[in-house]
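User: Can you walk me through reading a fold like this one, feature by feature? I'd like the general idea each time, then the case at hand.

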Amino acid sequence: MNNVFLAYPKAGFRTAGLQALIDQCAQAGGGQVRLTPGSYLTATLYLKSHVELYLDATEEFRGPLRCIPRV
């Protein structure tokens with residue numbers, strides 16, 4: 001399990017790109033998906049077996065805010 005896949009921040013949602021890297025890593029037998037410094041706007045990501053997602057204090061995950069009114 002020596003596979004390393006790098007993700008780079010870009011404007012807009014990165015969900016599809018990040019999920020594609022996770023899927024590619026899993027198909028290669030596992031490994032690491034590492035995020036380069038920056039801000040990532042993403043919705044739900046689904047990790048796979050034998051895939052590790054690495055980020056440090058310089059990365060920021062942001063997601064869409066949904067306001068659900070209380071009844």
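User: Let's start with contacts: leaving aside neighbours within four places in sequence, which residues is Thr-15 in contact with?

Analyst: The idea is to skip sequence neighbours and see what is left. In this predicted model, Thr-15 then contacts Leu-41, Thr-42, Ala-43, Thr-44 and Leu-45. Thr-15 itself lies in helix α1.

User: Is Thr-15 buried or exposed?

Analyst: Check the relative accessible area against the cut-off: buried means under 20%. Thr-15 has 18%, so it counts as buried.

User: And Val-4, what does it count as?

Analyst: Partly exposed is the band between under 20% and over 50%. Val-4 sits at 48% relative accessibility, so it goes in that band. This residue is found in strand β1, and together with Leu-6 and Tyr-8 it forms a nonpolar surface patch with about 290 Å² of accessible area.

User: Now the inside: which residues make up the largest nonpolar core?

Analyst: Here you look for buried nonpolar residues joined through their side chains. The largest such core has ten residues: Phe-5, Ala-7, Leu-18, Leu-21, Ile-22, Cys-25, Val-33, Leu-35, Tyr-40 and Val-51. At least two come from each of β1, α1 and β2 (31-35), with α1 giving the largest share, four residues. Take Val-33: beyond four places in sequence, its contacts include Phe-5, Leu-21, Ile-22, Cys-25 and Val-51.

User: Where is confidence lowest, and where is it highest?

Analyst: Go element by element. Strand β1 (residues 3-7) is lowest, at a mean of 80, and helix α1 (residues 15-27) is highest, at 93. The chain's mean pLDDT is 83, with 87% of residues reaching 70 or more.

Key
Residues are numbered from 1 along each chain as its sequence is written. Side-chain values use heavy atoms; hydrogens and water are left out. pLDDT is the predictor's confidence in each residue, from 0 to 100. Patches are made of residues with over 30% relative accessible area and no salt bridge: like charges are joined within 9 Å, nonpolar side chains (Val, Leu, Ile, Met, Phe, Trp, Tyr) within 5 Å. Accessible areas come from the Shrake-Rupley method with a 1.4 Å probe; for residues, only the protein chains shown count as cover. A salt bridge is a side-chain nitrogen of Lys or Arg within 4 Å of a carboxyl oxygen of Asp or Glu. Buried means under 20% relative accessible area, exposed over 50%, partly exposed in between (1.4 Å probe, protein chains only). Contact means heavy atoms within 4.5 Å. A nonpolar core is a set of buried Ala, Val, Leu, Ile, Met, Phe, Trp, Tyr and Cys residues joined through side-chain atoms within 4.5 Å.
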